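Colleague: Please pick a single part of this model and take me through it closely. Keep it brisk, and give the cut-offs as you go.

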Amino acid sequence: MNDIENKLSGIIDELPDLPEKAGLWSGRILTIVGYIEMTQRGIFKSTVGDKSNHQVVDKQDINGTVRAELRGIKILTKIRDGLLMDLRDIYDQDTFKNKENGLDERTKRQLSFVKSCRKSENLCGNCVVCVSLGSLSPGRFARRSRWFLPDMFSVEHANDCVAGYLDFDQAGVLNTVDSPSRGGMSSRSSSSFATYEFVKPGTRFPFKLMIRDPSKYDFFASIKALNEVGQVDGVGAYSSRNGRFKMQLTAVSNESPLNIATNIDLAEDFDLLNTPDRLFPPNATVVQFSFDENEDLLAYVYQKYDELLMGADWIEFLDKKTPKGEETE
Ligand SMILES: [Zn+2]
């Protein structure tokens, strides 16, 4: 048993391997605290369907200080993709396929539905990702997410961490794809250049990820996925070349944080992350991680996540009953 495993055993050992499908609230919670630090510029805007060429970073004026805002949902949406891909890798393995061949027709049908689980347009409602991150298929099933990642705010003030630029190259592209006839003269002039705002590399966003009715899967998968979004996928708009970050974990607890420990508090007083005991009630078990321990922690999480994915009986998990009103067929 290594140091990391030892430190975490008081919190992790008591958790079931996989999440419960029945929606009974056990009262159990797991909180993961840390911060993300941008390694690339991030374009964080929430405006949907905005036709303008001027994109601004979401900002909030908090107690007289303007901070950049990063919506938690942007990250959770990305996380789902990665976790579903990991499951599909398992389904593709020979040992799994052999097992599948021996199943009765009904289970095979159910399984093929689960295997086709895709984000937003085609959620199965029955795989471990749907059970963790929630799933909605109007008129058929609705399952709430058990993971909560509240919106985050930059430690650095917007004056320091948000920049913008004028993009004349992009203007050329926009001029060719925009139809000048639709808006007459005005559309032509509005698309003659584009401005973009972004948060600078180095900007830090403290976060708390809370997991209701946690399992070992939730713990390992959430950390692995957060790390991967940061290193591989990126977050925000144009994330094929923007939005990457490094994640730093500072504490894990088996309780909800106190009300005084909002993401705003953490942005205003970043040092709170160094004293995580102050963020939780006195009865909480709080495991703190130093900056130096993070690499070991990630290695441990990745190893355990792989072991869990390979070792779990996904057919049995599929067969488990879903709560009333959440049936998948
Ligand atoms: Zn699913």
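Modeller: What follows is a close look at one helix and its surroundings, after a few notes on the model.

This is a predicted model, in which local features need pLDDT of at least 70, side-chain atom pairs count only at pLDDT 80 or more, and totals for chains, interfaces and linings use all residues. Residue numbers start from 1 along each chain as its sequence is written.

Confidence comes next. The protein chain has a mean pLDDT of 85 (pLDDT being the predictor's confidence in each residue, from 0 to 100). Of its residues, 85% reach 70 or more. Residues 171–190 have pLDDT below 50. Beyond near neighbours in sequence, that stretch has 14 contacts in the model, a contact being two C-beta atoms, placed from the backbone, within 7 Å. Where pLDDT is low, the predicted coordinates should not be read in detail.

The chain has 13 helices and 13 strands (DSSP runs numbered from the N terminus: helices are H or I of at least four residues, strands are E of at least two). The part to examine is helix H10, residues 216–233.

Start with Phe220, which lies in H10. Phe220 is buried because 21 other C-beta atoms lie within 10 Å. The cut-offs are 20 or more such atoms within 10 Å for buried, 12 or fewer for exposed, and partly exposed in between, with C-beta atoms placed from the backbone. Neighbours within four places in sequence aside, Phe220 contacts Val301, Lys304, Tyr305 and Leu308. Take Lys304: it is 84 residues away in sequence, yet the C-alpha atoms of Phe220 and Lys304 are 6.9 Å apart.

Those partners lead to helix H12, residues 294–311. Two packed helices are described by the angle between their axes and the distance between the axes. The axes of H10 and H12 come within 9 Å and cross at roughly 125°. Axes here are lines fitted to C-alpha atoms, for helices over the stretch in contact, with angles from 0 to 180 degrees between N-to-C directions. H10 is therefore oblique to H12. Under 35 degrees counts as roughly parallel, over 145 as roughly antiparallel, 65 to 115 as roughly perpendicular, and the rest as oblique.

On the H10 side, Lys216, Tyr217, Phe220, Ala221, Ile223, Lys224 and Asn227 take part. They meet Leu298, Val301, Tyr302, Lys304, Tyr305 and Leu308 of H12. These residues divide into nine nonpolar, one polar and three charged. Nonpolar means Ala, Val, Leu, Ile, Met, Phe, Trp, Tyr, Cys and Pro; charged means Asp, Glu, Lys and Arg; the others, Gly among them, are polar.

H10 also packs against helix H2, residues 72–91. Their axes come within 9 Å and cross at roughly 100°, so H2 is roughly perpendicular to H10. H2 supplies Ile75, Lys78, Ile79, Gly82 and Leu83. H10 supplies Ala221, Ala225, Leu226, Glu228, Val229 and Asp233. The split here is seven nonpolar, one polar and three charged. Ala221 appears in the contact with H12 and in the contact with H2.

One last point concerns the approach to H10. Asp213 lies in the loop between strand E11 (204–212) and H10. Asp213 is buried, because 21 other C-beta atoms lie within 10 Å. Its phi is positive, about 50°, although Asp213 is not a glycine. Most residues other than glycine have a negative phi.
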